[in-house]
Protein chains: 2
Amino acid sequence: MINAIKLPQFEVIKQYVRGHIKSGHWPVGTRTPSENELSASFSVSRMTARRALQELAQEGLLTRAPGLGSFVAQPVAAQPTIQLYNIIALAQLEGAYSCQVLDLEQIPADAKLAHLLSFVVDQPVYRGTFVHFDRDKAVQWQEIFVNPVVAPAFLKQKFVKVAPDEYLEWIAPSDQVNSQVSAVLAKPSQRRALGLTEDTQSACLQVTRACKRHSSLVSFSTLVHPANLYQLGATS
Amino acid sequence: MINAIKLPQFEVIKQYVRGHIKSGHWPVGTRTPSENELSASFSVSRMTARRALQELAQEGLLTRAPGLGSFVAQPVAAQPTIQLYNIIALAQLEGAYSCQVLDLEQIPADAKLAHLLSFVVDQPVYRGTFVHFDRDKAVQWQEIFVNPVVAPAFLKQKFVKVAPDEYLEWIAPSDQVNSQVSAVLAKPSQRRALGLTEDTQSACLQVTRACKRHSSLVSFSTLVHPANLYQLGATS
DNA sequence: CAGTGGTCTAGACCACTGG
DNA sequence: CAGTGGTCTAGACCACTGG
């Protein structure tokens, strides 16, 4: 006996259909048996046969159309995606996170910031630069611009164990995050802050990130990671 | 009348539940009305009420457990992901793709390659290096190692308009792709191939990618992009 | 027209949970 | 024990598609 546990009937039908697709017996575009045909051949109610096809459609294996039938779908090219995992969150999980404040100030918005925030030029904006540590290793340099309307107390924070991102997520959880990844050479000030000395180490992964809430900008960050320390992984 | 089109009843219930969750009336952990309660209050069969809760659970808004009920789920932190879009595919769409072969040869597997391929050291492996162009702009340098068992004719290809990845995807579509992104300084040979001159341009995004099919390695690539030309974008 | 999938009903039996 | 969600049935009506 291969499988002693009793499979639900809809699962049996799913495996039947999946088997024909994966084995190549039903190439892309093939019409599968209809709900009625499956319910007849598996001695099952139409609702059960329907559930099988429905779930396979949801998994992307089938395309269904009223009046036409169910068809083997074009497999979508598995587009690899990268999880922009939060390095700081990881370090905090291990209890080894700390943060050093380099700057924390109020500045007048320049043209670019004003545009991002829908502000007027010279309207005050908060700015902070930080170095984040995992134990005694500097893993990330950050420059963040914060909307003072959303986080009026930002400048009064200590930011020792609580990262600025964490603080902002607490008082104004973002519902939209835009990120861009590129490669940069660390600037001298960034190299110093990150403790990079040799030239070969100064290639860095840079993430720029805009966090929005209710369509208005909460913060805009530039995050710089030494390339030799951190990579972004992706599967599938 | 706000909505003239008739909503299915399960959709009405979904919106009712969603509304209570989004408005904060039902905070995380709150038990929602049961299938029976919803079917009574909406004068609907249990299967219809069930469908509403089921779909909300699938969307991640609810957690359900037999014997216990349905509960408002902890919202998962929207983890931003990056689509590792295929630069070459984009260039090809615009009809401006071309490819230059730098090397195309058979080499004996070193220890690392042998390990990746489950080969014996010194077993032959194909290797190619390429520069990919979008119009007359070099956008990507690639080194690829190919499993000769899977793609025996790899070395005989021309690779002018058909990219090596495209060729391999054609003869052996991969079902698993692992990618790693990091930042590197372009090596002199890469700099030359990509036409990079100034030092500030030599920070590059590097993607290493292993494509597998039926659990065995098809190809292993190192892709290098000049950082000033291409960024990876992510939303949500 | 006969057939398709989409929605829906009013039942049923089940394993499971808490009190 | 009464209540929960998971599976399933045998019907129904609908809008839609093709021949």
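Which atom of DNA strand C is 3.2 Å from an N or O atom in the side chain of Arg46(B)? In this predicted model, the partner of the Arg46(B) side chain is a base nitrogen of DNA strand C. The elements that give two or more residues to the surface near DNA strand C come from both protein chains: helix 2 (35-41), helix 3 (46-58), strand 1 and strand 2 belong to chain A, while helix 1 (9-22) and helix 3 (46-58) belong to chain B. Helix 3 of chain B gives the most to this surface, namely four residues.

Around DNA strand C there are 26 residues, and the closest are Arg46(A), Arg64(A), Gln9(B), Thr48(B) and Arg51(B). Divided by class, this surface holds eight nonpolar, 10 polar and eight charged residues. On the nucleic acid side, sugar or phosphate supplies 64% of the atoms of DNA strand C within 4 Å of the protein, and bases supply the rest.

Two contacts from chain A illustrate the phosphate part of this surface. Arg64(A) places a polar side-chain atom 2.7 Å from a phosphate oxygen of DNA strand C. Glu35(A), by contrast, uses its backbone: a backbone N or O atom of this residue lies 2.9 Å from a phosphate oxygen of DNA strand C.

Arg64(A) also leads to the pair of strands that contains this residue. Strand 1 (residues 62-65) and strand 2 (residues 69-72) of chain A run antiparallel and are joined by four bridges. Within this pair, Arg64(A) stands opposite Ser70(A) of strand 2. Three residues lie between the strands of the hairpin, in which Gly67(A) takes a positive phi near 85 degrees. As background, side chains in a regular strand alternate between the two faces of the sheet.

The second DNA strand can be described in a similar order. DNA strand D is surrounded by 26 residues, the closest being Gln9(A), Ser45(A), Thr48(A), Arg51(A) and Arg46(B). Of the atoms of DNA strand D that come within 4 Å of the protein, 62% are accounted for by sugar and phosphate. The residues of the surface near DNA strand D comprise eight nonpolar, 10 polar and eight charged.

Three side chains of chain B have a polar atom close to a phosphate oxygen of DNA strand D: the distance is 2.8 Å for Arg64(B), 3.3 Å for Asn36(B) and 3.5 Å for Arg31(B). The elements that give two or more residues to the surface near DNA strand D are helix 1 (9-22) and helix 3 of chain A, joined by helix 2 (35-41), helix 3, strand 1 (62-65) and strand 2 (69-72) of chain B. With four residues, helix 3 of chain A gives the most to this surface.

Attention now turns to the protein interior. The largest nonpolar core has 14 residues, of which Val181(A), Ala183(A), Leu205(A), Val181(B), Ala183(B) and Leu205(B) touch the most other members. Both chains take part in this core, with two or more residues from each of strand 7 (176-185) and strand 8 (203-213) of chain A, and likewise from strand 7 (176-185) and strand 8 (203-213) of chain B.

The cysteines complete the account. Cys204(A) counts as buried because its relative accessibility is 0%, and Cys99(B) also counts as buried because its value of 11% falls under the 20% limit. A search of the whole structure finds zero disulfides over all chains.

Technical notes. Residues numbered from 1 in each chain as written. Chains lettered and ligands numbered in written order. Predicted model: local features only at pLDDT ≥ 70, side-chain atom pairs only at ≥ 80, totals over all residues. Heavy atoms only, no water. Pairing = 2+ DSSP bridges. Disulfide = S-S within 2.5 Å. Buried < 20%, exposed > 50% of the residue type's maximum accessible area, 1.4 Å probe, protein only. Near = heavy atom within 4 Å. Polar contact = N/O pair within 3.5 Å; in protein donor to acceptor, adjacent residues only side chain to side chain. Nonpolar A, V, L, I, M, F, W, Y, C, P; charged D, E, K, R; others polar. Core = buried A, V, L, I, M, F, W, Y, C linked by side-chain atoms within 4.5 Å.
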